[in-house]
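Hi there,

Here is the structure I promised to send over. Have a look at it first, and then read on for my notes.

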Amino acid sequence: MAYDDFKSRIREGWQETLRGILTQARSLGAQAVLAFDLDSTLFDNRPRQSRILREFGTARGLAQLAVCVESHWTSGWDMKTAMLNCGLSSEQIEAVYSEARAFWVERFFTSEYCLEDVAIEGAAAFTHAVVGTGAQLVYVTGRHEGMREGTVGAMRRCGLALPGEGSSHLLMKPTLRENDDAFKRKVHAQLGTLGRVIAAFDNEPTHANDYQANFPEATVVHLATDHSGRPVQLLETVISIPHFTVML
């Protein structure tokens with residue numbers, strides 16, 4: 001499914017799903033486990049992406065890229081589309097893309113650059129509402145341990161519930177090289193030992209489907225923000241939402 005098509009899955013009344021999850025969490029307290037992805041689920045990474053592309057543009061003398069802003073990222077994490085939106089021609093993009101990609105890889109997966117992230121609308125308040133129920137909030141992210149300091153720093157700056165606050169945990173990949181899909185599937189077994197997984201939140205269709213398959217009784221929520229672009233169809237039982245803003 002294309003990037004924008006997932007937004008068509010958002011149904012009127014999606015806020016009731018979030019309120020219902022909190023109600024269930026209150027009833028179960030510490031027995032309840034709620035899992036949250038970070039990137040494009042609780043955090044908007046476009047400021048980080050934009051900074052990297054600006055710095056690449058400055059380094060390569062490409063004035064169009066040196067003024068890149070968040071609005072240029074209109075197709076998920078597709079850097080070529082962002083470069084086109086900045087004003088580069090297709091020929092210019094092809095000439096520098098490999099170099100730009102290497103420049104991006106060196107910076108994106110670092111604590112310094114993830115401090116650029118901002119919270120998805122309503123995310124901070126919702127994580128605190130989860131902690132307030134007494135349930136266990138578990139951040140399950142494909143970020144690696146080398147990004148822990150910057151990740152917690154971004155959480156603090158954006159006002160999210162911090163690991164260690166209430167029964168909150170942050171589970172990260174041991175190394176950058178580990179595959180995100182494999183890591184998250186491995187963590188599912190760990191989540192089951194903590195309590196009853198009642199809800200999981202992720203922007204990646206693959207990961208949302210995995211949660212639904214492993215925890216069929218849980219409410220799995222898909223953030224219709226952006227994603228990797230893999231052609232994966234969401235399971236019908238997965239609920240799509242635009243953000244976390246809801247009257248609590």
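How many cavities of 30 Å³ or more does a search of the whole structure find? The search finds one. Please keep in mind throughout that this is a predicted model.

**The cavity**

The largest cavity holds about 30 Å³ of space. Its lining is made up of Ser40, Asp44, Asn45, Arg46, Gln49, Trp73, Gly76, Trp77 and Asp226. Sorted by class, that lining has two nonpolar, four polar and three charged residues.

**The pockets**

In the largest pocket there is about 550 Å³ of space. Lining this pocket are 23 residues, and those nearest its centre are Trp77, Phe109, Asp180, Glu204 and Ser228. Trp77 is also one of the residues that line the cavity. H4, strand S4 (136-144) and helix H8 (180-194) each give the lining of the largest pocket at least two residues. By class, this lining has 12 charged, seven polar and four nonpolar residues.

The second largest pocket contains about 260 Å³ of space. It is lined by 18 residues, with Asp44, Arg46, Ile120, Thr225 and Asp226 closest to its centre. Asp44, Arg46 and Asp226 appear in the cavity lining as well. Strand S2 (43-44) and strand S3 (118-119) each contribute at least two residues to the lining of the second largest pocket. Here the classes are eight nonpolar, five polar and five charged residues.

**Helices packed against H4**

You may like to follow H4 next, with H2 as the starting point. The axes of helix H2 (residues 46-60) and helix H4 (residues 90-108) come within 10 Å and cross at roughly 130°. That angle is why H2 counts as oblique to H4. The crossing in which H2 passes H4 is right-handed. On the H2 side, the contact involves Arg48, Gln49, Ile52, Glu55, Phe56, Ala59 and Arg60, which meet Val96, Glu99, Ala100, Phe103, Trp104, Arg107 and Phe108 of H4. Eight nonpolar, one polar and five charged residues make up this contact of H2 with H4. Gln49 of H2 is also among the residues lining the cavity.

Helix H3 (residues 79-86) packs with H4 as well, at an angle of about 125° and with the axes 10 Å apart. H3 and H4 are therefore oblique to each other. Their crossing is right-handed. From H3 the contact takes Met79, Lys80, Met83 and Leu84, and from H4 it takes Ser90, Ile93, Glu94, Val96, Tyr97, Ala100 and Trp104. By class, the contact of H3 with H4 has eight nonpolar, one polar and two charged residues. Val96, Ala100 and Trp104 of H4 are also in the contact with H2.

**H8 and H9**

How do H8 and helix H9 (residues 205-214) pack? Their angle is about 25°, and their axes are 11 Å apart. That makes H8 roughly parallel to H9. H8 passes H9 in a crossing that is right-handed. The contact brings together Asp180, Asp181, Lys184, Arg185, His188 and Leu191 of H8 with Thr206, His207, Asp210, Tyr211 and Asn214 of H9. These residues divide into five charged, four polar and two nonpolar. Asp180 of H8 is also one of the residues nearest the centre of the largest pocket.

Do write back with any thoughts once you have had a look.

Best wishes

Definitions and conventions
Residues are numbered from 1 along each chain as its sequence is written. This is a predicted model: local features need pLDDT of at least 70, side-chain atom pairs count only at pLDDT 80 or more; totals for chains, interfaces and linings use all residues. Side-chain values use heavy atoms; hydrogens and water are left out. On a 1 Å grid over the protein atoms alone, a cavity is a set of points where a 1.4 Å probe fits but cannot get out, and a pocket is an open set with protein on both sides within 12 Å along at least five of seven lines; lining residues have an atom within 4 Å of a point. Grid points are joined across faces, edges and corners, and a volume is the space filled by probe spheres set on the points. Ala, Val, Leu, Ile, Met, Phe, Trp, Tyr, Cys and Pro count as nonpolar, Asp, Glu, Lys and Arg as charged, and the others, Gly among them, as polar. Axes are lines fitted to C-alpha atoms, for helices over the stretch in contact, and angles run from 0 to 180 degrees between N-to-C directions. Helices (H or I, at least four residues) and strands (E, at least two) are DSSP runs, numbered from the N terminus. Angles under 35 degrees count as roughly parallel, over 145 as roughly antiparallel, 65 to 115 as roughly perpendicular and the rest as oblique. A crossing is left-handed if the near helix is turned anticlockwise from the far one by less than a right angle, and right-handed if clockwise. Contact means heavy atoms within 4.5 Å.
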